[in-house]
Amino acid sequence: PITFEAYEKIDGGNCQVRYHQGRILASSRANYLNRRTIRRPWQERFLKWATGNYSFYHLPQNLIIFGEWAGNHTLEYPEDVKDHFFLIDLLKLPSKTLIPYQRAVKILKKLGIKDVRFLRTLKKGKFTKEDLEKLSAQSELRKGNMEGIVLKNYEERVFEKYLNPEYAEIAEG
């Protein structure tokens, strides 16, 4: 079995931010966001936050910040979590290499990037399904259990997701 770092899976919108050619670009999955491309209410709030966060001008052009815009999609989050950007990963171009999470946190802090939330490593090691069930029993971000757990091994480039069975059917539907 592979050794992983475990992080709480955030229920929200998958998005990214980068600084490119003098502009801050915000996107949802593969689509850059602007007034014409917004399809969901959270995307408008995310775009306003990203383009108004001037600390992103400190971001080198070869880095893309991937995150989750926490929102009340399936799970109910408290107000201090909802509509906040949580770092998921930091991608280095042109190699398309994901920077290990704790190193990415240090880089963003050193660059002075503001208003980005960081996830705590829940546990490191090898996990059974039972381990993941126990670990996901209590969210650190809300009352109740987690939506799931994201498992990361940057060295071997293996990334997996465990969805809490309570929410797996909703995610598939």
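Here is a short student and tutor chat about a predicted model and its largest pocket, helix 1 and a few single residues.

Student: What are the ground rules for the numbers here?
Tutor: This is a predicted model, so local features need pLDDT of at least 70 and side-chain atom pairs count only at pLDDT 80 or more, while totals for chains, interfaces and linings use all residues. Residues are numbered from 1 along each chain as its sequence is written, and side-chain values use heavy atoms, with hydrogens and water left out.

Student: How much space lies in the largest pocket?
Tutor: On a 1 Å grid over the protein atoms alone, a pocket is an open set of points where a 1.4 Å probe fits, with protein on both sides within 12 Å along at least five of seven lines. Points are joined across faces, edges and corners, and a volume is the space filled by probe spheres set on them. For the largest pocket that comes to about 840 Å³.

Student: Which residues lie nearest the centre of the largest pocket?
Tutor: Lining residues have an atom within 4 Å of a point. The largest pocket has 35 of them, and those nearest its centre are Lys9, Asn14, Arg29, Glu68 and Lys161.

Student: How many charged residues does the lining of the largest pocket have?
Tutor: Asp, Glu, Lys and Arg count as charged; Ala, Val, Leu, Ile, Met, Phe, Trp, Tyr, Cys and Pro as nonpolar; and the others, Gly among them, as polar. The lining has 13 nonpolar and ten polar residues, and the charged ones number twelve.

Student: What span does helix 1 reach from its first C-alpha to its last?
Tutor: Helices here are DSSP runs (H or I, at least four residues), strands are too (E, at least two), and both are numbered from the N terminus. The expected span is 1.5 Å times one less than the number of residues. With twelve residues, helix 1 is expected to cover 16 Å, and it comes close to that at 17 Å.

Student: Why do the buried residues of helix 1 sit on the same side?
Tutor: Buried means under 20% relative accessible area, exposed over 50%, and partly exposed in between (1.4 Å probe, protein chains only). The buried residues are Trp42, Gln43, Phe46, Leu47, Trp49 and Ala50. They share a side because the arc they cover, taken from the directions from the helix axis to the C-beta atoms, is only 165°.

Student: What do the buried residues of helix 1 pack against?
Tutor: The face turned away from the buried side carries exposed Pro41, Glu44 and Lys48. Taking contact as heavy atoms within 4.5 Å, the buried residues pack against strand 2, strand 3 (23–28), strand 5 and strand 6.

Student: Is Asp89 buried or exposed?
Tutor: Asp89 is found in strand 6, and its C-alpha is separated by 6.6 Å from that of Gly67, 22 residues apart along the chain. Leaving aside neighbours within four places in sequence, its contacts include Ile64, Leu98 and Lys152. At a relative accessible area of 8%, Asp89 is buried.

Student: What is the phi of Asp83?
Tutor: Asp83 is found in the loop between strand 5 and strand 6, and it is partly exposed at 23% relative accessible area. Although Asp83 is not a glycine, its phi is positive, at about 60°.

Student: Where is the place of Pro94?
Tutor: The peptide bond from Leu93 to Pro94 is cis, with omega near 0°. Pro94 has its place in the loop between strand 6 and strand 7 (97–99).
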